[in-house]
Amino acid sequence: MEIRGRVLSVASECVPLLKTGGLADVVGALPAALAAEGWQMRVLMPAYRSLRGRAEGWAEVFREPDLFGGEGRVLAGEVAGNAMLLLDAPHLYDRDGGPYSGPGGDWTDNAQRFAALSWVAARIAREGLADGWRPDLLHAHDWQGGFAPAYLAYGPPTDVKSVITVHNIAFQGWAPASMLGALRLPYEEFHAEALEYFGGLSSLKAGLVTADAITTVSPTYAAELMRPEFGMGLQGVIAARADRVSGILNGVDTAVWSPEAEERPYALRSLKRKAESRAALCTAFTLDVPGPLAIVVSRLTDQKGIDLIPSVLPDFIAAGGGLAVLGSGDPALEGAMRALEMRFPGRVGVRIGYDEGLSHLMFAGADAVLVPSRFEPCGLTQMYGLRYGTLPVVAAVGGLADTVITANPAGLAAGVATGITFHPTDAAAFGQALRQLLALYADPVQWGQVQRNAMKHPVGWESSAAAYAALYARLAG
Ligand SMILES: Nc1ncnc2c1ncn2[C@@H]1O[C@H](COP(=O)(O)OP(=O)(O)O[C@H]2O[C@H](CO)[C@@H](O)[C@H](O)[C@H]2O)[C@@H](O)[C@H]1O
């Protein structure tokens with residue numbers, strides 16, 4: 001296919017190299033999705049300690065001698081079909097621990113660490129790489145890439161346009177105002193319309209005020225972000241640039257997330273065989289559940305509404321339901337999940353940790369996936385649920401509202417329902433949604449119909465990739 005243009009994507013995580021959340025899935029999926037639209041993408045991310053070995057023998061394609069206290073070298077290679085650029089700067093990234101925090105909490109130099117990533121991204125956008133590659137567009141993700149559009153905008157004039165995507169507005173990349181000079185930002189831009197944010201700096205705000213376009217990962221979240229309940233302080237900044245804002249839904253990799261590719265394969269025409277996965281799931285969690293078996297696969301945080309589960313679960317269990325949970329996060333929520341497992345042996349199973357393989361068995365085997373989020377920019381697990389005929393029960397916010405059609409009388413009569421949505425995100429509405437799930441489950445004809453609708457719902461990247469390609473084309477002229 002003819003190349004329509006080149007994009008430098010800059011992010012702090014990317015599958016399969018490093019993942020702490022859905023950001024990595026999306027950053028890792030975009031290159032192949034966009035290649036199908038004629039856009040060639042390379043992904044720039046830090047060479048964390050765990051990745052340095054991977055980059056051994058890779059060609060050096062860019063060098064920055066003065067990267068906030070040391071040298072930075074960009075190494076080019078291929079991982080899982082994606083063209084990767086790893087920024088090797090040992091003084092910033094070669095340390096034990098996670099990408100954002102170590103044993104003592106968040107790294108105290110996170111502002112410099114991700115400003116450095118953004119600085120190099122802007123320089124590459126402007127100057128190109130030693131191998132002759134030069135991007136037409138810079139695509140930054142979340143606060144970690146936020147300064148990249150700013151460095152591009154505040155430097156000498158360039159034709160390269162920038163896009164910033166908000167995957168989660170809760171993380172804003174805050175730094176004190178005293179760091180302005182150290183972060184190589186212009187003093188004259190430290191005012192409310194530009195870099196200043198509640199008296200300090202926010203790399204996310206910097207990106208939002210300087211990028212040529214702002215996207216987020218669902219149309220509903222794009223609208224929500226302009227309201228105080230969801231904008232988390234940045235609602236005014238986003239609303240002021242509403243003409244540049246769009247929402248493009250994430251997709252999922254339909255080859256990886258496919259009931260036909262599982263250990264106990266099934267498909268739309270062989271839905272009965274889903275029971276084999278259900279049995280395996282029950283064995284894995286030591287469960288025996290007469291009614292609908294629900295799952296939660298999630299970071300255990302306030303965002304995800306996990307704290308509501310203990311109040312709604314007893315009624316669901318009493319009515320025959322069961323629950324398998326896989327996740328990690330807030331210790332209090334981990335404890336609350338374990339307490340439910342103790343209280344309802346054989347009906348509730350909990351695994352604290354991260355396990356991609358087990359998550360596949362859970363989506364294949366369960367009857368429903370619960371996503372009671374307070375806010376959800378897009379959400380991926382409800383889409384896995386659709387794909388596997390594992391009905392999503394979701395709060396009607398953000399991307400959850402954009403991907404699930406609720407089984408109300410109108411949705412059922414029109415034959416389009418794919419799951420159950422509820423609003424607002426509280427125990428009363430969530431509990432009601434679970435009663436609705438139980439009633440639907442008790443009607444095998446309707447249940448089967450909704451399952452089939454869900455499995456037919458398109459969740460791949462095709463239409464979203466076309467939307468990104470159209471945006472890129474518009475920006476690049
Ligand atoms: N314990 C565990 N074991 C195995 N797998 C686990 C797991 N815990 C989580 N996962 C997986 O991690 C991913 C989480 O992605 P989500 O989109 O649901 O949320 P997240 O809030 O991380 O992402 C943010 O960015 C993404 C991408 O834009 C948005 O969709 C989302 O709304 C936004 O909050 C899914 O692939 C899920 O299966």
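Me: What makes the pair formed by an oxygen atom of the ligand and a polar backbone atom of Leu380 a polar contact?

Reply: In this predicted model, the two atoms are 3.3 Å apart, and because a polar contact is a pair of N or O atoms within 3.5 Å, the pair qualifies. A polar side-chain atom of Gln303 lies 3.1 Å from an oxygen atom of the ligand, and a nitrogen atom of the ligand is 3.1 Å from a polar backbone atom of Asp355.

Me: How much of the ligand does the protein bury?

Reply: The ligand taken alone exposes 710 Å², and the protein buries 95% of that area.

Me: Which elements give two or more residues to the shell around the ligand?

Reply: They are α1 (22–35), β15 (293–300), β16 (322–329) and α14 (381–387), and of the elements it is α1 that gives the most, with four residues.

Me: What makes His167 count as near the ligand?

Reply: A residue is near if one of its heavy atoms lies within 4 Å of the ligand, and His167 is among the closest of the 28 residues that surround the ligand, together with Arg299, Gly353, Glu376 and Tyr384. By class, the shell holds 10 nonpolar, 11 polar and seven charged residues.

Me: Why is the ligand said to lie between domain 1 and domain 2?

Reply: Domain 1 (5–251 + 461–476) and domain 2 (259–456) both contribute residues to the shell around the ligand, so the ligand lies between them.

Me: Where does UniProt place the feature "domain: Starch synthase catalytic"?

Reply: The unreviewed UniProt entry places this feature at residues 6–239, a span that is 30% helix and 26% strand in the model.

Technical notes:
Residues are numbered from 1 along each chain as its sequence is written. This is a predicted model: local features need pLDDT of at least 70, side-chain atom pairs count only at pLDDT 80 or more; totals for chains, interfaces and linings use all residues. Side-chain values use heavy atoms; hydrogens and water are left out. A polar contact is a pair of N or O atoms within 3.5 Å; within protein, one must be able to donate a hydrogen and the other to accept it, and residues adjacent in sequence count only if both atoms are side-chain atoms. Accessible areas come from the Shrake-Rupley method with a 1.4 Å probe; for residues, only the protein chains shown count as cover. Ala, Val, Leu, Ile, Met, Phe, Trp, Tyr, Cys and Pro count as nonpolar, Asp, Glu, Lys and Arg as charged, and the others, Gly among them, as polar. Domain bounds come from an automatic or database domain assignment. UniProt positions are given in the numbering used here, feature names are shortened, and annotations may be inferred rather than shown by experiment.
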